[in-house]
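Got a minute to poke at a structure together? Let's go through some salt bridges and one loop residue.

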Amino acid sequence: MRKIVFASANPGKIREAGEILGPGFEIVSAAEAGVTEVVPETGATLRENSLQKAEYLYRKTGCDCFADDTGLEVDILGGAPGVHTARYAGEGRDFNANMDKLLEEIARVETPNSTRKARFRTCVTLILDGKTHFFDGIMEGSIARSKAGKGGFGYDPVFMPDGCGGLTAAELSEEEKNAISHRGKALRAMAAFLKD
Ligand code: IMP
């Protein structure tokens, strides 16, 4: 069994990563590896942030480890909120306030011919035997006109993944969402590399 530290304190994410990597790997949270402080995230891009988190964890633990960073990119907003996704409406990281701000910003710039196309992007950095590897995953979709659904988290109630008949990600089951999600794709790419 290969131990690998994940720079996350989110039980849902740790469970998802464990399911994707499968029985050959033991996923350990940052706290279980002895890193309880907030890991710095000051990069200008998702890749820089995930690299910063993975390097921090590697320096502290000396273990194989990985970190992820996710952003929502809305075309009509020039790719915003992007790297600022978690704190779009302020440091409180309030999901409802973030979604309200997103709907307001789109309404401000929308024209009859514009689209509401958007995507979630996850960048994963893996440090394995001291070497750094990157894996990306994207979920394409569009921003709904209002919130719908009770599942998921974050911006799921306003994000309609392509190919889901207009349902938001918050109206999908956890399994349906994980099968198409940005994070699922990035983690599966990492899992394929690790199993190679
Ligand atoms: P993190 O890098 O996973 O912390 O994600 C940054 C922010 O993106 C989170 O605070 C959420 O608001 C948002 N986010 C990440 N993944 C998802 C998702 O699968 N659905 C909805 N929002 C997400």
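Q: In this predicted model, is Arg-121 buried, partly exposed or exposed?
A: The relative accessible area of Arg-121 comes out at 24%. Buried would need under 20% and exposed over 50%, so Arg-121 is partly exposed.

Q: Which residue forms a salt bridge with Arg-121, and how far apart are the closest N and O atoms?
A: Look across to strand β3, since Arg-121 sits in strand β5 (residues 117–128) and its partner is 48 residues apart along the chain. That partner is buried, with a relative accessible area of 15%. The residue is Glu-73, and the closest N and O atoms are 2.8 Å apart.

Q: Which residues do salt bridges with shared partners join into one network?
A: The Arg-121 and Glu-73 pair is part of it. The full network is Glu-73, Asp-75, Arg-119, Arg-121 and Glu-140.

Q: Which helix holds the salt-bridge partner of Glu-16?
A: Glu-16 pairs with Arg-183, with the closest N and O atoms 3.4 Å apart. The two are 167 residues apart along the chain, and Glu-16 itself is in helix α1. Arg-183 belongs to helix α5 (residues 182–195).

Q: Is Val-158 buried or exposed?
A: Val-158 lies in the loop between β6 (131–143) and β7 (159–161). Its contacts include Met-99, Leu-102 and Leu-103. Its relative accessibility is 0%, so Val-158 counts as buried.

Q: What separation do the C-alpha atoms of Val-158 and Arg-121 have?
A: Along the chain, these two are 37 residues apart. In space, their C-alpha atoms are separated by 16 Å.

How values were computed: Residues numbered from 1 in each chain as written. Predicted model: local features only at pLDDT ≥ 70, side-chain atom pairs only at ≥ 80, totals over all residues. Heavy atoms only, no water. Helix = DSSP H or I, 4+ residues; strand = E, 2+ residues; numbered from the N terminus. Buried < 20%, exposed > 50% of the residue type's maximum accessible area, 1.4 Å probe, protein only. Contact = heavy atoms within 4.5 Å. Salt bridge = Lys/Arg side-chain N within 4 Å of Asp/Glu carboxyl O. Lists of a residue's contacts leave out its neighbours within four places in sequence.
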